[in-house]
Amino acid sequence: KGRYYFTRIDAKIDHQFNPSHKIFGRYSHMRHRSLTRPQNEPAWELINPIWTIPIDQLNAVISDTYTINPTTINEVRLGFNRRRRNKLPPTQDQDWAKQLGIPNVSAATFPEFRPKFYNLGPEGRDQQVSEDLSFQNNLTRIIGTHTLKAGYEVIRTRYNSLVASLPSGLYNMGGTELPFTPNTGNSFASLLLGTVSSAQFTQATATWLPRWWSHSWYLQDDYKPLRNLTFNLGVRWSYESPFSTKYGQQSQFDPRATDPLTGRTGGIVHTGGLLAKRDLNNFQPRLGMAWNFKPRWVFRGNFGLVTGDLMVSGINQNFEEYLATANIQAPAGDPRIPFKLSQGPPPFRFNVNPDGSVPFIGSNYSARNVSWFDPGMRMPYVMNWSGGLQWEFRPTWVTEWLYQGSAGVGLLNNWDL
């Protein structure tokens, strides 16, 4: 209880075939094991033992460096990263709903009660796996007063997320309050009476599987025309594929579509392919200089433009209706409770579409969410610039005056509307 175990395994190998050719490889494995309970309340300790949520992080890289001639060097690098987190509560598939006297519900999870009395409930099983595979090549060549560098990198990113669900139910306790009168009633009394004001049942019907390609190349020239003057000139180009999932199981709010549940304009659509157009205009200049214009005086200045990764703003983004949801409560304006725990919820059935999506079940749409991914999304970028003077006014003293600035354009954000 409250203990953490970290185990790290590292291995590295270097080999030089000849004076011009060498290779190295590295492998790392970080194991994170923490003894935990979903909550530390005494009531929960009576029914649930200590358990762990294992996290494993793996990293491997192979690099090959070859000196083509005294002024030319090439490096090739392959990389792999993987992180896996698996949460499997010990209450999974133990039919705790039946043991607590709640009929007509799944045996998969421990029922959740709200407010969280004594913080009961470990929620459902979930799993998150992320992987990156990369290839990189860098070439360096010296020609007179120029040091030229060029390179290319491609990264394949994969994310697999099993959304935590509560098929055995999340129960909001109520019914002891005076109808239509706020700040009345007692939720703990409602729990003792077993009166439910609303309940939500969720079931994962698909796994969130986003995929990305990232490409980038660069050219750079470190040019020294004079002994006391150096220019750094470069350009970088990058591209990230727009959001999409492996099997096209993704959701997008379409303001022009008709919602099949309400018949009103604006609905969730499930279309495969990319959710935004490709953004190929991502050139990023890099400029810098250092000038020792007189003894003990140096001027330095630079300007750079850097694009940011798009990826997503959170796990399970644009995945509505792949977590099947049934919301059970009385119609608006009806103060009666929909059911008691001892009765169980009224029967319902999830209707799974061929693409794996499941329409929302219920009459109160406040528990229904939608996401909209901007079809015109482009990669954001940040500009940085600086300029400054350094003065050695004493043999052991240097002072510096520096100006720095930055500005972001099209930075990512998300809003709850």
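This report describes the overall form, the nonpolar cores, the cavity and some backbone details of a predicted model.

**Overall form**

The protein chain is built from 3 helices and 20 strands. Its C-alpha trace spans about 85 × 50 × 50 Å along the principal axes, and its radius of gyration is 30 Å, where a compact globule of 417 residues would have a value near 22 Å. Of the 417 residues in the protein chain, 35% count as buried. Among the contacts in the protein chain with a separation of 6 or more, 69% are accounted for by residues that stand 24 or more positions apart.

**Nonpolar cores**

The largest nonpolar core has 12 residues in all, namely Ala97, Ile102, Phe113, Tyr171, Met173, Val196, Ala199, Phe201, Ala326, Ile328, Phe339 and Leu341. Two or more residues of this core come from each of strand 9 (170–173), strand 10 (195–204) and strand 17 (323–329), and it is strand 10 that gives the most, with 3 residues. Apart from this core lies another one, of 11 residues, which includes Val163, Trp212, Tyr322 and Phe373.

Two residues illustrate the surroundings of the largest core. Ala97, one of its members, touches Ile102, Val105, Ser106 and Pro111 when residues up to four places away in sequence are not counted. Ser198, for its part, is placed in strand 10, and under the same exclusion of residues up to four places away in sequence it touches Leu170, Tyr171, Asn172, Ile328 and Gln329; of these, Tyr171 and Ile328 are listed in the largest nonpolar core. Is Ser198 buried or exposed? With a relative accessibility of 11%, Ser198 falls under the 20% limit and therefore counts as buried.

**The cavity**

Rolling a probe the size of a water molecule over the atoms shows where empty space is left. In this structure there is 1 cavity of 30 Å³ or more, and the largest cavity contains about 50 Å³ of space. Its lining is formed by Glu240, Pro242, Ala276, Lys277, Asp279, Leu310, Phe373, Met377 and Met379, a set that divides into 6 nonpolar, no polar and 3 charged residues. Phe373 thus appears both in this lining and in the core of 11 residues.

**Backbone details**

Most residues other than glycine have a negative phi, and most peptide bonds are trans. One peptide bond to note here is the cis bond that joins Arg114 and Pro115, with omega at about -5°; Pro115 lies in the loop between strand 6 (112–114) and strand 7 (126–143).

Positive phi values are found at Arg296 and at Asn316, neither of which is a glycine. The table sets out these two residues with their angles, loops and relative accessibility.

| Residue | Phi | Loop | Relative accessibility |
|---|---|---|---|
| Arg296 | near 70° | between strand 15 (283–294) and strand 16 (297–307) | 48% |
| Asn316 | about 65° | between strand 16 and strand 17 | 24% |

Why does Arg296 count as partly exposed? Its relative accessibility of 48% lies between the limits of 20% for buried and 50% for exposed, so Arg296 counts as partly exposed. The relative accessible area of Asn316, 24%, also lies between these limits, and Asn316 is therefore partly exposed as well.

Key. Residues numbered from 1 in each chain as written. Predicted model: local features only at pLDDT ≥ 70, side-chain atom pairs only at ≥ 80, totals over all residues. Heavy atoms only, no water. 1 Å grid on protein atoms, 1.4 Å probe; cavity = no way out; pocket = protein on both sides within 12 Å on 5 of 7 lines; lining within 4 Å. Points joined across faces, edges and corners; volume = space filled by probe spheres on them. Nonpolar A, V, L, I, M, F, W, Y, C, P; charged D, E, K, R; others polar. Core = buried A, V, L, I, M, F, W, Y, C linked by side-chain atoms within 4.5 Å. Buried < 20%, exposed > 50% of the residue type's maximum accessible area, 1.4 Å probe, protein only. Helix = DSSP H or I, 4+ residues; strand = E, 2+ residues; numbered from the N terminus. Contact = heavy atoms within 4.5 Å. Rg over C-alpha atoms; globule rule 2.2 N^0.38 Å.
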